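Me: I'd like a close look at the interior of this one. Please take me through how the inside is put together.

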Amino acid sequence: MPSAEKIAELPDLAELMHEPAAATVARFEIRYSRFLDPKGNALRPLPDFAADRAELVALYRAMVLARALDAKAVALQRTGRLGTFPSALGQEAVAVGIAAAMRKDDVFLPSFREHGAQLWRGVSPVELFLFWGGDERGSDFAVAREDFPICVPVGTHAPHAVGVALALKLRREQRIAVCAFGDGATSKGDVAEALNIAGVWRLPLVFVINNNRWAISVPVTEQTAAETLAQKAIAAGIDGEQVDGNDVIAVCEAVARAAGKARRGGGPHLIEALTYRLSDHTTADDARRYRSDSEVSPHWSEDPITRLRNHLVGRGLWAKADEERLLAEISADVDKAAETYLATPPQRPETIFDFTYETLPKDLAEQRRAALDSVQE
């Protein structure tokens, strides 16, 4: 093998071939879109659905409901009546925008902060309270039967979304899968593999990154050197874009456009929704240990609910009486759901053994009998 000095003396291969040392073989770009500024002013012509008051009010109501459920869940957890809960405070536009752009028969694969989307798609507040209270009956959705349950492990549902989308494609169904996850999930191999094979197979699948800038205590800047997370789609041969995740109109428009393309056979799409996590990561976290209040405070001005309310008021589509009526209605609904959840009798202890094996192993069968005996005593 030649020495390092000899290698350094070798002529440049490009010169021998009489070609430039480097040639551009491809170019890519990531586009960013939004319709409303933080004060609710329209920055450009709105999509057609935003001309309909009923459509905008539905989006607004869904975000207010998500926040009300969020606040109730945190209160229940703080008083020992609910398990660890991940707040979506300030991120409601991402989840609601996703769900509003989907068809009823599409399949949604959520992470763990998308209760706004789940509520829109028919999952009840009672079911969500049950799940976060440790009762898996909360995952047995009465309405959204084919949607996947909440996924707490980070990014592991992305390959599942590929499987769903492949099944839809093989069946030649005009349906799509939509998979939502956070910025932290983009640092996982599960997501990279899912993006790769979705691109290879051109699946009817839309990925949405809820980029709230924090993966628990790790900011995006310490997760990746990439300028955007959307560009991670490029290596997989997928279109990627950014959208203002605090503008529900922008999120809905982007997801609807990507869904339409996927439904027509145009392949998968990746949307990075830029938002901010105003709360702790979960009720088991104390974000003050790794970020200051002065860092968080400016992001309150980007609140998606205030933004859409200002837009509605500015167009004469919403008044104080409308707001008071909506808040009273949602507060009553959430309180009733919490009461129903708290009054739900727990499952019997032996049920922990009943949904894992077709035939229960001998040692677990003995434990099940013991559990039964303890109840009967």
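Reply: Here is the chain overall, then its interior, then the sheet.

Bear in mind that this is a predicted model, in which local features need pLDDT of at least 70 and side-chain atom pairs count only at pLDDT 80 or more, while totals for chains, interfaces and linings use all residues. Residues are numbered from 1 along each chain as its sequence is written, and side-chain values use heavy atoms, with hydrogens and water left out.

The protein chain has 13 helices and eight strands (DSSP runs numbered from the N terminus: H or I of at least four residues for helices, E of at least two for strands). Of its 377 residues, 47% count as buried, meaning under 20% relative accessible area, with exposed over 50% and partly exposed in between (1.4 Å probe, protein chains only).

Now the inside. The largest nonpolar core has 66 residues; such a core is a set of buried Ala, Val, Leu, Ile, Met, Phe, Trp, Tyr and Cys residues joined through side-chain atoms within 4.5 Å. Tyr60, Leu82, Ile98, Phe129, Val178, Val248 and Leu308 touch the most other members. Helix α3 (residues 53-78) gives the most to this core, with 11 residues. Skip the neighbours within four places in sequence, and Tyr60 is in contact (heavy atoms within 4.5 Å) with Ile305, Leu308, Arg309, Leu312, Trp318, Glu323 and Leu326. Apart from this core lies another, of 25 residues, including Leu109, Ala194, Ala198 and Leu270.

Helix α4 (residues 92-101) is worth a stop: nine of its 10 residues are buried, so the rest of the structure largely encloses it. The buried ones are Glu92, Ala93, Val94, Ala95, Val96, Gly97, Ile98, Ala99 and Ala101.

Then there's the sheet. Six strands make an open, parallel sheet, ordered β1-β7-β8-β4-β3-β2; strands pair if DSSP finds at least two bridges between them. At the edges stand β1 (32-33) and β2 (107-109), each with a single partner strand, so each has one side without a neighbour in the sheet. Three bridges join β2 to the parallel strand β3 (residues 177-182), and Val107 has Ala177 as its bridge partner there. Helix α8 (residues 189-201) packs on the sheet, touching β3, β4 (205-211) and β8 (269-274). The direction of α8 makes about 150 degrees with that of β4 (axes are lines fitted to C-alpha atoms, for helices over the stretch in contact, with angles from 0 to 180 degrees between N-to-C directions).
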